[in-house]
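Reader: I would like a close look at the disulfides of this chain, taken pair by pair. Please say where the partners sit and how well each is covered.

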Amino acid sequence: MKLLGHVDSLVIQTSMKFAAFILISVSFFYLGKHWSDGSRQLIFFSRQSPFETTSSAPSISLSPNLNKEFNISALINTPGASPVKKIRPPPPPPEFETFGILDENGTMSDKFEIGEFDPNLVENWGNGTQIGAETGKEGVKSTFRVKKFGFCGESMREYIPCLDNVEAIKRLKSTDRGERFERHCPEKGKGLNCLIPAPKGYHPPIPWPRSRDEVWFTNVPHTRLVDDKGGQNWISRKGKDKFKFPGGGTQFIHGADQYLDQISKMVPDITFGHHIRVVLDVGCGVASFGAYLLSRNVITMSIAPKDVHENQIQFALERGVPAMVAAFATRRLLYPSQAFDLIHCSRCRINWTRDDGILLLEVNRVLRAGGYFAWAAQPVYKHEEALEEQWEEMLNLTTRLCWNLVKKEGYIAIWQKPFNNSCSLSREPGTSPPLCDRADDPDNVWYVDLKACISQLPENEYGANVALWPARLQIPPDRLQSIQIDSSIARKELFMAESKYWNEIVASYVRVLHWKKFQLRNVLDMRAGYGGFAAAIIENQLDAWVLNVVPVSGPNTLPVIYDRGLIGVMHDWCEPFDTYPRTYDFLHAAGLFSIERKRCNMSTIMLEMDRMLRPGGRVYIRDSLDVMGELQEIAKAMGWHPTLRDTSEGPHASYRILTCDKRLPRR
């Protein structure tokens, strides 16, 4: 009974608490309703955001207008009241734009030059096919537009712009001294604006070393040399599809190897591949002399004019032998002083004694102190009266030049140039030719006339004491100190750093891009510096030779290049280069366009590169990012296949590598 009474009491207490709760709730409801009448009301609501992708139930939150009073009568449209004008927000201020270019430090600069307007290369070409750049993953952005370049006529298949300028040659006042074989470039704006076509049936060149002995007929379809020189073992036909090169020459019909052995026996100090590393072959024919010296670790610059045997240099380059179109006429050759260890002339048809010996004085300028001049010609060995007079004139001239006749044997005569100026300074007063003024720079060669004077050798004997090959390739030469560059203290360090830099880069190309699988033979370095890229080609054992080009827009480093045992030439890339079309397998341009675009149109250089490059050849352009967009579009417009790559510094570097493939175009 006590338990039941306890339960009843609990039920009664719970019921009372519930009834009290209901009473309090009702009281607060009526109390709130009473106080809210006539007072300000707070309306709370929420609304789904238009940017929300999922639906949600409305929610209640505190109004931001809590405890604030508002006069809303002005917002109520009453009869006769004027409507409220809507106030539009002011337009945003115009964006501030800065126009300029990024300099080498990545800073925006408005100090830049605007190139000349070229209506042939910009957009708005109507129905023409255009190519333009867009922003891609490489970050290159350009609004540059290029119309696809068309093909030149068949008559321009072997066109060399500065040597085939017929109109300029017609205007020459005289051609007696070979002026027609020198450079006469088209006027600015009238240069090449089309793609040089390949001959019908063009083949990829035969690989070296087979190419030394045979080339495809369709690549150089000319038979005149076969008709004129076939009996002298220059060249012959091999079936219907090839030319064959037996290795002979006018004065060495039994082969170049036997001829070279004879020269070495005549003068034992002529040690090919050691003391003699760099040679100039004048009037080279099809360059068999230089071709056979390559196996003796000698690199030869083979030169000849574009004369009646106009395709001889084209044959040389098709064989894979270093060669250039050049002539002894009225201007200096485009090589520095003391460039060659030996200069060779075999029936080169040059009158060395004309005009007070001005042509032999040019030989003297480019011949290294202590170097040798080998002359194989009829006056050396024939005893006809006219030829004997020519020999006496030659002997008299070389004596006045202080050259020493080392050996005369058979049909070859060999002289040696002195190591210093002591003999020249001790000559009788009034002896001609005189010494050149000290102010004359013997390394200044771009459009410089020949001078009938003896170029003086440096008093410090720079250039005379180069190391033997192959050590000279990596030893900083003495003439490094005479190069006109900003640095005056750390020149040797700069030289060695450049060599190491390019050696590492070329090694990575060989390893990653499989360069040894390329058909890499004729290489042109368009901005060579000290020749570090060419040296790296040798160090990495690539079976190729490099012609190092030093632009006129920079310091003249050619003396250093030759002292290293390499070959090179001075050139202005705003003008065409003196070579035949389709003569190089690989073109290398490092930092060239970012400099030359201030002087000339980049498309002009690119079209010249296409002219020189063989179908199947490659181009590597290493330059700043701000030129890459335009270069890519020009490359596409020429039918190349460009790829933009990062350098070893990574994707955020200011430089890129543009690699391009040129394929045989279909017309």
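Author: A disulfide is taken here as a pair of cysteine sulfur atoms within 2.5 Å. In this predicted model, Cys-162 and Cys-185 meet that criterion, since their sulfur atoms lie 2.0 Å apart. The torsion about their S-S bond is about 105°, so this disulfide is right-handed. Cys-162 is found in the loop between S4 and H2, while Cys-185 belongs to the loop between H2 and S5, so the bond ties together parts that are 23 residues apart in sequence. The two partners can be placed against the cut-off for burial, which is under 20% relative accessible area: Cys-162, at 1%, counts as buried, whereas Cys-185, at 22%, is partly exposed.

A further disulfide involves these loops. Cys-152 is joined to Cys-194, with an S to S distance of 1.9 Å, and with 105° about the S-S bond this link is right-handed. Cys-152 sits in the loop between strand S4 (145-147) and helix H2 (166-170), and Cys-194 in the loop between H2 and strand S5 (214-216), so that distant parts of the chain, 42 residues apart, are linked. Cys-152 is buried, with a relative accessible area of 3%, and Cys-194 is buried as well, with a value of 12%.

Another pair to consider is Cys-402 and Cys-423, whose sulfur atoms are 2.1 Å apart in their disulfide. Here the torsion about the S-S bond is about -80°, so the disulfide is left-handed. Cys-402 lies in the loop between helix H9 (385-400) and strand S13 (404-409), and Cys-423 lies in helix H10 (residues 422-425), so the bond ties together parts that are 21 residues apart in sequence. Cys-402 is buried at 11% relative accessibility, but Cys-423, at 33%, is partly exposed.

These pairs belong to a wider set, for a search of the whole structure finds six disulfides. When the bonded cysteines are counted along the chain, the pattern is 1-4, 2-3, 5-6, 7-8, 9-10, 11-12.

As for the setting, the chain has 16 helices and 21 strands, and buried residues make up 47% of its 667 residues. Among contacts between residues at least 6 apart in sequence, 67% join residues at least 24 apart. The largest nonpolar core holds 145 residues, and those with the most contacts inside it are Tyr-335, Trp-352, Phe-373 and Trp-515. A second, separate core of 11 residues includes Leu-225, Val-226, Trp-234 and Phe-315.

Conventions: Residues are numbered from 1 along each chain as its sequence is written. This is a predicted model: local features need pLDDT of at least 70, side-chain atom pairs count only at pLDDT 80 or more; totals for chains, interfaces and linings use all residues. Side-chain values use heavy atoms; hydrogens and water are left out. A nonpolar core is a set of buried Ala, Val, Leu, Ile, Met, Phe, Trp, Tyr and Cys residues joined through side-chain atoms within 4.5 Å. Buried means under 20% relative accessible area, exposed over 50%, partly exposed in between (1.4 Å probe, protein chains only). Helices (H or I, at least four residues) and strands (E, at least two) are DSSP runs, numbered from the N terminus. Contact means heavy atoms within 4.5 Å.
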